[in-house]
Amino acid sequence: MTDFLSTGALPDDYRDLALTVRDFAQSVVAPVAAEHDADHTFPYKVVEGMAEMGLFGLPFPEEYGGMGGDYFALCLALEELGKIDQSVAITLEAGVSLGAMPIYRFGDDKQKQEWLPQLTSGRALAAFGLTEPGAGSDAGGTRTTATADGGEWIINGSKQFITNSGTDITRLVTVTAVTGQTGGKKEISTILVPTDTPGFVAEPAYNKVGWNASDTHPLSFTDVRVPQENLLGERGRGYANFLRILDEGRIAIAALAVGAAQGCVDESVRYAKEREAFGQAIGRNQAIAFKIGRMEARAHTARTAYYDAAALMLAGKPFKKAASIAKLVASEAAMDNSRDATQIFGGYGFMNDYPVARHYRDSKILEIGEGTTEVQLMLIGRELGL
Ligand SMILES: Cc1cc2nc3c(=O)[nH]c(=O)nc-3n(C[C@H](O)[C@H](O)[C@H](O)COP(=O)(O)OP(=O)(O)OC[C@H]3O[C@@H](n4cnc5c(N)ncnc54)[C@H](O)[C@@H]3O)c2cc1C
């Protein structure tokens with residue numbers, strides 16, 4: 001990756017990747033998006049297609065079955081998918097950045113050899129189990145416990161709102177659990193739980209406002225026993241390690257949100273040229289053209305923010321603040337643009353099978369998942385020493 005990335009002049013390999021994913025999104029994802037959304041079904045065929053293209057292995061080395069690319073490449077793919085179908089994009093985002101990445105970053109050789117080839121190939125999905133009924137933004141409030149017992153961990157507790165946790169190809173959930181106390185503080189560790197372990201249950205899927213084709217479940221753990229070597233990373237570092245994963249994940253979510261924001265612009269431009277009222281295309285009215293101009297500016301600004309965060313991350317420089325800024329502005333751009341696009345589409349914008357209506361329902365979660373807007377502001381404030 002070059003030190004400075006312009007949104008207008010991507011290096012060839014990145015541009016080619018973006019164009020390939022754009023073509024896939026338009027020709028394979030778009031035709032089935034409304035149907036999966038209406039039926040609340042997981043798009044297995046689309047996921048197979050993404051797997052064949054190597055998208056689940058994009059930022060991982062070839063020795064683990066990856067494509068040898070980087071995190072920015074993943075972001076570009078997410079932006080293209082996010083334009084067309086946020087459910088598909090979040091399935092890839094969660095599969096790679098929340099599912100496989102913790103193992104790549106913190107796993108030992110054996111864990112990497114066992115899990116990464118399955119996950120990078122897209123044959124299997126892993127989920128990221130941090131949130132609990134009483135621990136969301138304040139994820140340190142984890143109550144799930146893992147007790148060491150004769151070479152095993154016994155896990156008890158529950159997780160909620162976990163993406164990719166109950167599909168037919170989900171094989172693993174990485175969970176945070178309290179493994180003891182150090183200096184009067186909870187010791188939180190991360191443990192790998194294969195989904196066929198007795199006592200693990202993915203409860204029935206949620207009925208969500210949006211992201212209907214993405215898979216989300218509450219999880220319960222009742223005396224779930226896994227070998228002690230399933231500890232991921234150092235004991236007691238689980239919370240810190242997951243926070244690092246979330247810092248990166250925010251750049252990926254920002255890219256997805258930029259896709260959504262841009263998708264709304266693209267749909268609106270097309271419709272504003274074609275829809276006539278009072279004897280002319282509605283786009284001839286300055287009120288509509290100004291609205292679309294502002295939408296484009298939001299998408300562009302948010303894109304520069306995630307490019308910047310990705311460039312810092314790949315250069316090995318501090319990127320926490322940049323990632324939070326990117327997530328903040330991109331999620332707001334998606335929400336604002338989807339509201340404006342719905343307005344431009346008039347009554348059609350309120351019909352569920354129109355892409356802008358889907359973006360309107362889907363975009364709200366972008367301001368909540370992987371750290372709410374308020375949490376991003378808190379993090380930015382902390383970085384400023386407040
Ligand atoms: C569809 C979906 C998919 C998800 N996927 C996953 C997943 O794969 N893995 C996972 O672990 N989690 C997942 N989540 C959980 C998500 O990350 C949490 O919902 C999110 O972090 C917010 O936590 P919460 O819902 O408990 O809200 P809370 O933390 O209870 O927050 C409620 C409100 O209070 C505000 N608030 C809280 N604290 C403060 C404060 N100090 N100052 C100001 N405002 C504050 C919040 O911003 C929010 O507006 C998912 C959620 C959804 C809906």
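Which residues does Ser324 touch, not counting residues up to four places away in sequence? In the predicted model examined here, the contacts of Ser324 counted in this way are Arg250, Gln376, Leu379 and Ile380. Ser324 belongs to helix 8, which comprises residues 320-344. The residue is classed as buried because 27 other C-beta atoms lie within 10 Å, the threshold for burial being 20 or more. Between the C-alpha atoms of Ser324 and Arg339, which are 15 residues apart along the chain, the separation is 23 Å.

Two domain annotations were taken from an unreviewed UniProt entry. The record assigns residues 12-122 to "domain: Acyl-CoA dehydrogenase/oxidase N-terminal". This span is 76% helix and 0% strand, and its end C-alpha atoms lie 25 Å apart. Residues 236-384 are covered in UniProt by the annotation "domain: Acyl-CoA dehydrogenase/oxidase C-terminal", likewise from an unreviewed entry. Here the chain is 74% helix and 3% strand, with 28 Å between the end C-alpha atoms.

The largest nonpolar core contains 114 residues, of which Ile251, Ala254, Ala257, Tyr306 and Ala330 touch the most other members. Helix 6 (residues 238-274) gives the most to this core, contributing 17 residues. Tyr306 was examined further, leaving aside its neighbours within four places in sequence. Its contacts comprise Cys75, Ile251, Ala254, Ala255, Val258, Ala326 and Ala330.

Attention then turned to helix 5, formed by residues 109-120. At 1.5 Å a residue, its twelve residues should span 16 Å, and the end C-alpha atoms are indeed 16 Å apart, so the expected and modelled spans agree. Trp115, Leu116, Leu119 and Thr120 are the buried residues of helix 5. Viewed down the helix axis, these buried residues fall within an arc of 115° and therefore line one face of helix 5. An α-helix has 3.6 residues a turn, so residues three or four places apart point the same way. The buried residues of helix 5 pack against helix 4 (86-106), strand 1 (125-129) and strand 4 (170-182). On the other side of helix 5, Lys110 and Gln113 are exposed. Just after this helix, Gly122 adopts a positive phi of about 80°.

Terms used:
Residues numbered from 1 in each chain as written. Predicted model: local features only at pLDDT ≥ 70, side-chain atom pairs only at ≥ 80, totals over all residues. Helix = DSSP H or I, 4+ residues; strand = E, 2+ residues; numbered from the N terminus. Buried ≥ 20, exposed ≤ 12 C-beta atoms within 10 Å, placed from the backbone. Contact = placed C-beta atoms within 7 Å. UniProt positions renumbered as here; feature names shortened; annotations may be inferred. Core = buried A, V, L, I, M, F, W, Y, C linked by C-beta atoms within 7 Å. Expected span 1.5 Å × (residues − 1). Arc of directions from axis to C-beta.
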